[in-house]
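Here is a friendly walk through the model, from helices to sheets and hairpins. Keep the viewer open as you read.

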Amino acid sequence: MNNPIPTPASLPDAWCAIARSRLADHDEILAWLEINLDARLNFSKSLLLVTRSGLAYIDNERSTTDHFPFRPGLSVSRHDHGGVGRIELFDGSVRQACWFYTLAHNVQAMRFIRQFEQYLEAALTGVPCIDDAPECCPDCLSPMSADQGECPQCSSTINAPPSTWTLLRLWRFAKPYKWQLLSGFLLMLASTAATLVPPYLTMPLMDKVLIPYQNGTPIDFVVVSWLLAGLFGSALLAWGLGWAKTYILALVSERIGADLRTITYEHLLRLSLEYFGGKRTGDLMSRIGSESDRICVFLSLHLLDFATDVLMILMTAAILFSINPQLALATLVPLPFIAWMIHNVRDRLRTGFEKIDRVWSQVSNVLADTIPGIRVVKAFAQEGREAERFRVANQHNLQVNDRINKIWSLFTPSVSLLTEMGLLVVWAFGIWQVSNNQITVGVLTAFLAYISRFYARLDSMSRIVSVTQKAAAGAKRIFDILDHVSSVPEPVNPVHLNTIDGRIDLTNVGFRYGNRAVIKGLNLNIQPGEMIGLVGHSGSGKSTLVNLMCRFYDVSEGAISIDGVNIKSLPVSEYRRHIGLVLQDPFLFFGSIAENIAYGRPDATRAQIVAAARAAHAHEFILRLPHGYDSLVGERGHGLSGGERQRISIARALLIDPKILILDEATASVDTETEKEIQKALDNLVEGRTTIAIAHRLSTLHKANRLVVLDKGEVVEIGNHDELMATEGAYYRLYQAQARNVDTDLDDASPVEIEHKVSA
Amino acid sequence: MNDFQLTRNPAGRLVLTREGERHEGVLPVRSYPIAAPDECVSLLSAEGHEIAWIERLDSLPDDVRALIISELACREFTPEIKRISHVSSFATPSTWQVETDKGDTELLLKAEDHIRHLSATALLITDGHGVSFMIRDLEKMDTHSRKLLDRFL
C-alpha cells in the first residue's frame, strides 16, 4: 500500500504541534491515526503515531505519551463490534495496550495498521518498505489519495443535504418539453390579457352610457352594442385561449410526471439489494406512485393557476396605474401584508406537511407489513393486535393533521378578511376621489371590478403555499431515490469479458452488515468447472458469501475476482449474465411458464425453452398443465408445487447457460422424493460449470469436488467428503449428526455444550 | 452461588474456569441491552457457545461482576443523547451535533427511518457509521432538542 510516507504536513496542524512537543527531536512521523474514543469509550480525541523508532500514543486530555519501541514479537490486531473498533497491541501474548475508535475511522485505522506492520518489519529486518498499488475507494474503486479517509466521490454525493429548491430540479424532466412549455406560456399571457378586457369596458359603459342616462341623456344603442360585443368577444377569446393553454400544459405536465415515474423506477431497480433491505415496500411504492402523481397535479393545476394569477396581478397593476396612479397605490397597499403573512405561515406549513408525509407512510407501512403476513396473523389469532397497531398509526396521523389544520384553517379566513379590508380601502379612497372630481364613477367601478377579481385570486394564490410545499416534499422524496448512489457502483473504467472460464478467487474478503462483521478475512480459490459445497450452520455467512459473489453487495474488505479480474471493474449486468442463480424459494413472475423460463433471455426460441425445461425435468409436468407452456403462473407461482416451481427456476438458470452457477439451498423446501427429481435436474445443470452450492442436507453435496465449512464468517475446513471425514473436525460432527437423523437440520446438529446456569 | 471463577489473562482476555474446564476469551453479552441491561447476561466462549448464564448481575461476587462490567463497558457502545445542539439540515442526510453521556460528538443521520421507536418516549438512532445512539426519554430533553428532533419524527 502506497502512501508516500505521510509527512507531518498531512497531519492536522494542531496535532502536529502537540506531536512535535512530545516526541524526541530526531523522530520522524511516518503514519498517524486519530482515534476518537478513550478506554472507557467516552468521546475524546487522541493520536496514534508510527515513528522511526516505534509506536507512540498521545493522549491529549491527560497529556500523557506512551512509547512502544519496535522490537521482535510486537504485533497489532484489530476487531470491531457494535460500531466500535478496537486496536490491540501485543508483545508476544501479553497485551500492552488497547485503543478504541468508532467505525467512521475504520478505513484510516486499517491503513494505519498495515503501515505499522510494514514499518515494524522494515525496522526489524533493515529492508526499507516498498510502496505498492495506489489505494482505491472500497465503494467505487476510484483512486483515493493518501490519508483521505473517505472517498471524495462517494462521500460528497451521499452526505450532502438536498437543497431547498428541490422543485427547480424538476427542470431536468421539463427540458425535453421546452417548446410546448413556451407556447403554453404565450397562450397563458394572451388568455390572461383577454380576461382583463371586460372590467376595462365597464368604464365606458358606466361613464358614457349609464351615468349620462341617469342625467337625462338617452342611451346610444350603437355604442352599447359595440361595448356588449366587446364583452362577448373578449369572453369568447379568453375561453378559447384558456382551453388551449390548459390543454397544452396539462399534456406536458402529465408527460413530465410519467417520465419522472419511469426514471425513478429504472433508477430504483439499479440500486443494490442493500437499499431494498433497508426500505419498506409500502414506502417505495408510495414514493413512485402517489408522490409523482402529486407533483404532476401540482405542475398541471396549481403551478399553472399560480402563474396565471401572477401574470394577472402584474397586468392588472399596470392597467390600474395607467388609469389612476393614486387609486392604484391605495389598492395595492394591502398586498405586502398578505405576502408577509403567506411567508410567515409557509415555514410552519412546510414542516407540518413533511410530517404528515412521514406519518402517512407509517400508516401504509403497517398495511404493507401485515397483509403479506396475514397467514401468521391469523394463525396466532392476532387480528386484534394488528388492528390496534393500525389504529394507533392512524390516530397519530390524525393528531398530526389536527395540528397542521389549526394553522391552515386560520390561514384562509385571514386572507379573506384582508381581501375585504382591501376593498374597503378602495371604496373609501375612491369615494373621496369621486367627491373631489378626481375620478369618474366609471373608473371607481372598473377599479372595484378589477380588484375583486384580483383579491379573489390572491385567496387562491395563497393555496400555492401549501401545494408547493407538498409538491416540494414529494419531489424531495423522489430525488432521495434518484440521488441514492448504488452501493454496487458501475466501474469508472469498465473491463469487458466476453467469455469467461469461471475461475473465482476470493482474497481476504470481509463483509460488514451494518456494524456486524459477517465475513472475515476469507480466502478461497475456485477452479473453472469445480463444484464447491458451502457447509455451515445458518448464520455462518454462506448466503452472504453467495450474495457477494453475485455482487448483490460489495465486499467491505479484500477482493473477489473472476478469471483474475476484480468483479468491481466489470459492468454489473454484464457480470451477472455469467451467473445462474437458483434460490430456495423461487420467485415466478406473473406471466406464462414460457415467459418465466425465458426471463433471463427473452429472445430464446420455443425449442430452446423446451430443451431447457427438459434438462430441468420440468417438461413433463408442464405438459400436464391445461395450457402447457402457455399456462399462467401468478405472483408466487400459485397452483404449482414447490418442486415444480423450483424446476422452472432451474430451467430459467439453464437457459442463460451461465459459466458460474449458484445454488442457494435449492432443494431445502421440498420433500425427499421431489428432491431426487430436482437433484437429477441439478446434475444436468452443474455439468461443466463452476458451481457453488449451499445445502442444508449434506447428502445433496455428494458431487462436490470440495466442501468448504464456514463458521462465523470464516473458513474452518476445506476438503472433499472423505478427507473431511478423516480429520474428524467440524464437518465430521455435522455429518454424524445428520446420519443419525436424516431429517435433522444442521442447526440442530451443533456440538452440544453442557450449559451451566447460575441462578440468582 | 456461582460455580466458576473469572480472571483476566495477560493478553487481556477473560478466562473462565469451572471444575477443571478452562475457557479463554470469554465474552459477556447482554441479552436485553436495552430492556434489561442488568439481567440475563450470558457468557460466551470464544467459539460463540454459551458457557454460563447470569440471571442478575448483582447476584455475582464483586470481583467477578467488576470484571464483567468492565468487559461489557468496552464492548457495548450506545451513547445516550442528552441534547441535540445543532442539525445541519432538516432533510436527510443530516449531521447532528449532539451531547451524549460519552461526551460531545456528531452523528450522521442518513435517513429518517434510521430512527427507531423503542417505546413511546425512547428512540434508537443508528448513525451512518453503525454506532447506535439512544434517547431514553424524549420528554426529559430540553425544548430546543425536542423541537429539532420533532422535525424528523
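Two strands count as paired here if DSSP finds at least two bridges between them. Please bear in mind that this is a predicted model.

**A four-stranded sheet in chain A**

With that definition in hand, look at the open sheet of four strands in chain A, whose order is β9-β8-β11-β12 and whose pairing is antiparallel. At its edges lie β9 (516-526) and β12 (565-566) of chain A, each of which pairs on one side only. Helix α15 (residues 542-549) of chain A packs on this sheet and touches β8, β9 and β11 of chain A. The direction of α15 makes about 115 degrees with that of β8(A).

Inside the sheet, five bridges link strand β8 (residues 504-513) of chain A with strand β11 (residues 557-562) of chain A in the antiparallel sense. To find your place in this pairing, look for A:Gly510, which stands opposite A:Glu557 in β11(A).

**The helices of chain A**

Chain A as a whole has 23 helices and 20 strands. Of its 760 residues, 32% are buried. If you take the contacts in chain A between residues at least 6 apart in sequence, 72% of them join residues at least 24 apart.

A good helix to start with is α7 (residues 221-270) of chain A, which has 50 residues. From its first C-alpha to its last, α7(A) reaches 73 Å, close to the 74 Å expected at 1.5 Å a residue. Which residues of α7(A) are buried? They are A:Leu241, A:Lys245, A:Leu249, A:Val252, A:Ser253, A:Ile256, A:Gly257, A:Leu260 and A:Thr264. A general point helps in reading such a list: an α-helix has 3.6 residues a turn, so residues three or four places apart point the same way.

Next, see how α7(A) meets α9(A). Their axes come within 9 Å and cross at roughly 160 degrees. Angles over 145 degrees count as roughly antiparallel, and α7(A) and α9(A) are therefore roughly antiparallel to each other. In passing α9(A), α7(A) makes a right-handed crossing. On the α7(A) side, the residues that meet α9(A) include A:Leu249, A:Ser253, A:Ile256, A:Gly257, A:Leu260 and A:Thr264. Among their counterparts in α9(A) are A:Leu284, A:Ile288, A:Ile295, A:Cys296, A:Leu299 and A:Leu304.

Helix α9 (residues 281-323) of chain A also packs with helix α5 (residues 178-195) of chain A, at an angle of about 50 degrees and with the axes 10 Å apart. These two helices, α5(A) and α9(A), are therefore oblique to each other. The crossing of α5(A) past α9(A) is right-handed. From α5(A), the contact is made by A:Met188, A:Leu189, A:Thr192 and A:Ala193. From α9(A), A:Ala307, A:Thr308, A:Leu311, A:Met312 and A:Met315 take part.

**Hairpins and a sheet in chain B**

Now turn to chain B, where three antiparallel strand pairs can be set side by side.

| Strand pair | Bridges | Opposite residues |
|---|---|---|
| β1(B) and β2(B) | four bridges | B:Thr7 and B:Val15 |
| β2(B) and β3(B) | four bridges | B:Val15 and B:Glu24 |
| β8(B) and β9(B) | seven bridges | B:Trp96 and B:Leu107 |

Strand β1 (residues 5-8) of chain B and strand β2 (residues 14-18) of chain B run antiparallel. Their hairpin has five residues between the strands, and B:Gly12 takes a positive phi near 85 degrees there. Strand β2(B) goes on to pair with strand β3 (residues 21-24) of chain B. What lies between β2(B) and β3(B) in their hairpin? Two residues do, and B:Glu19 in the turn has a positive phi of about 45 degrees.

Further along, three strands of chain B form an open antiparallel sheet in the order β7-β8-β9. Here β7 (81-87) and β9 (103-109) of chain B are the edge strands, each pairing on one side only. From one strand to the next, the twist averages 30 degrees. Strand β8 (residues 94-100) of chain B is joined to β9(B) by seven bridges.

Note on methods:
Residues numbered from 1 in each chain as written. Chains lettered and ligands numbered in written order. Predicted model: local features only at pLDDT ≥ 70, side-chain atom pairs only at ≥ 80, totals over all residues. Contact = placed C-beta atoms within 7 Å. Axes fitted to C-alpha atoms, helices over the stretch in contact; angles between N-to-C directions. Expected span 1.5 Å × (residues − 1). Buried ≥ 20, exposed ≤ 12 C-beta atoms within 10 Å, placed from the backbone. Parallel < 35°, antiparallel > 145°, perpendicular 65-115°, else oblique. Left-handed = near helix turned anticlockwise from the far one by under 90°.
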